[in-house]
Amino acid sequence: MRFPAAIRSARRAPLLQVLKSAGATIAAWLIAGWLIPGPLPVFAAIAALLVVQPSVNQSLSKALERSAGVILGVVIAVLLSLLLGAQSWVVLAAVVVAMLVAWSLRASTGTGNQVAISAVLVLALGSSNPDYALDRILETLIGAAIGFVVNVAIVPPVLSAPARRDIGMLGRELAASLDRLADALPTTRTAAQLQELMLEARLLRPMKDAAEASLTAATESLSLNPRRGRHRDDVDELQAVFERLSPVVTQVIGMTRAYIDHYDDSLATDPTVRAIAEQLHRAGHDVRLAVQSADSVEPDALTSATPALTTPLVVRPPASDHWILVGSLMEDLRRIHGELRDET
């Protein structure tokens with residue numbers, strides 16, 4: 001792994017999200033410091049910073065995770081301090097106890113870490129009496145509440161744009177794969193060219209997984225979101241497009257595999273194979289047509305608004321030795337037609 005890849009993200013977080021996190025942290029610091037005089041409101045600031053998440057649903061989860069972890073961690077710190085005194089080794093004991101308690105309660109990884117961190121902070125700051133512990137719990141609840149309110153009130157995030165981008169990329173690459181296979185069928189190919197064709201087809205799987213993950217995040221971002229009414233139809237449309245593309249990805253990879261497994265030079269002159277190649281070009285056109293509504297870029301000028309794959313291809317039983325491949329390709333082509341017909 002390259003070192004920069006371990007500390008840098010491929011994409012920046014939206015600037016608005018950064019500003020919301022900063023604003024929530026400042027507000028939590030000021031409000032908690034005003035309501036609970038005494039030590040610096042570190043717990044409130046940290047809670048607000050962590051609670052501002054890419055979706056409202058994630059914000060609520062993080063607020064509950066942070067609050068539960070702090071409460072449990074503070075209680076453990078106070079009890080150990082009262083039982084064992086203010087010794088430096090008690091901090092290490094608190095870490096072990098906190099992690100074991102979190103494990104026994106089947107807490108999530110984030111909650112378990114928060115329990116240990118909170119216990120360490122309370123003991124390290126040098127004051128673990130019950131009043132101090134109660135103030136830190138209230139401080140955390142204030143910070144978490146402020147972070148959640150800021151994320152909901154100021155342009156609550158809807159993650160439909162990444163889903164639209166990834167589904168558009170998947171559609172364009174899927175159409176390109178159909179065209180590449182169509183170009184390969186009526187021509188002779190070397191072993192290296194066949195291997196390259198298979199590798200390019202297999203790249204559709206990670207693209208499909210990325211699009212599915214983005215779509216899941218977009219759907220999740222609508223939960224508890226006051227803007228969900230304006231974006232629900234958009235996300236539902238993206239879901240419908242993805243559900244039609246997903247089976248086609250499987251068919252294209254299977255067709256490419258079958259072509260390579262049964263390849264011989266005489267395929268290029270088989271009239272049935274040439275007819276299938278023409279239908280694959282038409283299918284590629286219809287895939288582009290299906291994803292135009294989901295694509296974040298301008299539609300291809302060469303893509304007609306009229307579906308090209310209007311009727312299934314019907315051929316006579318092949319007289320050549322290619323009937324196994326022809327039958328396999330015809331069945332996959334029939335399934336692709338079925339997926340695209342309703343969409344287009």
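**A guided tour of the cores, the aromatic pair and helix α7**

The structure holds one aromatic pair (ring centres of Phe, Tyr or Trp, the last by its six-membered ring, within 6.5 Å). This is a predicted model in which local features need pLDDT of at least 70 and side-chain atom pairs count only at pLDDT 80 or more, whereas totals for chains, interfaces and linings use all residues. Residues are numbered from 1 along each chain as its sequence is written, and side-chain values use heavy atoms, without hydrogens and water.

Select Tyr259 and Tyr263: their rings pair edge-to-face (planes over 60 degrees apart), at 5.6 Å centre to centre and 80 degrees between the planes. Tyr259 counts as buried (under 20% relative accessible area, 1.4 Å probe, protein chains only) because its relative accessibility is 0%. Tyr263, at 18%, is buried too.

Next, display the largest nonpolar core (buried Ala, Val, Leu, Ile, Met, Phe, Trp, Tyr and Cys residues joined through side-chain atoms within 4.5 Å). Among its 49 residues, Ile167, Leu174, Leu185, Leu245, Tyr259, Leu280 and Ile336 touch the most other members. The helices α8, α9, α10, α11, α12 and α13 (DSSP runs of H or I, at least four residues) each supply at least two of its residues. Helix α11 gives the largest share, 13 residues.

Centre on Leu174, which is in contact (heavy atoms within 4.5 Å) with Leu204, Leu245, Val248, Val249, Val252 and Val287, leaving aside residues up to four places away in sequence.

Finally, select residues 130–153, helix α7. Its end C-alpha atoms are 34 Å apart, in agreement with the 34 Å expected for 24 residues (1.5 Å times one less than the number of residues). Just after α7, Val155 takes a positive phi of about 40 degrees.

How values were computed. Buried < 20%, exposed > 50% of the residue type's maximum accessible area, 1.4 Å probe, protein only. Phe/Tyr/Trp six-rings, centres within 6.5 Å; stacked < 30°, edge-to-face > 60°.
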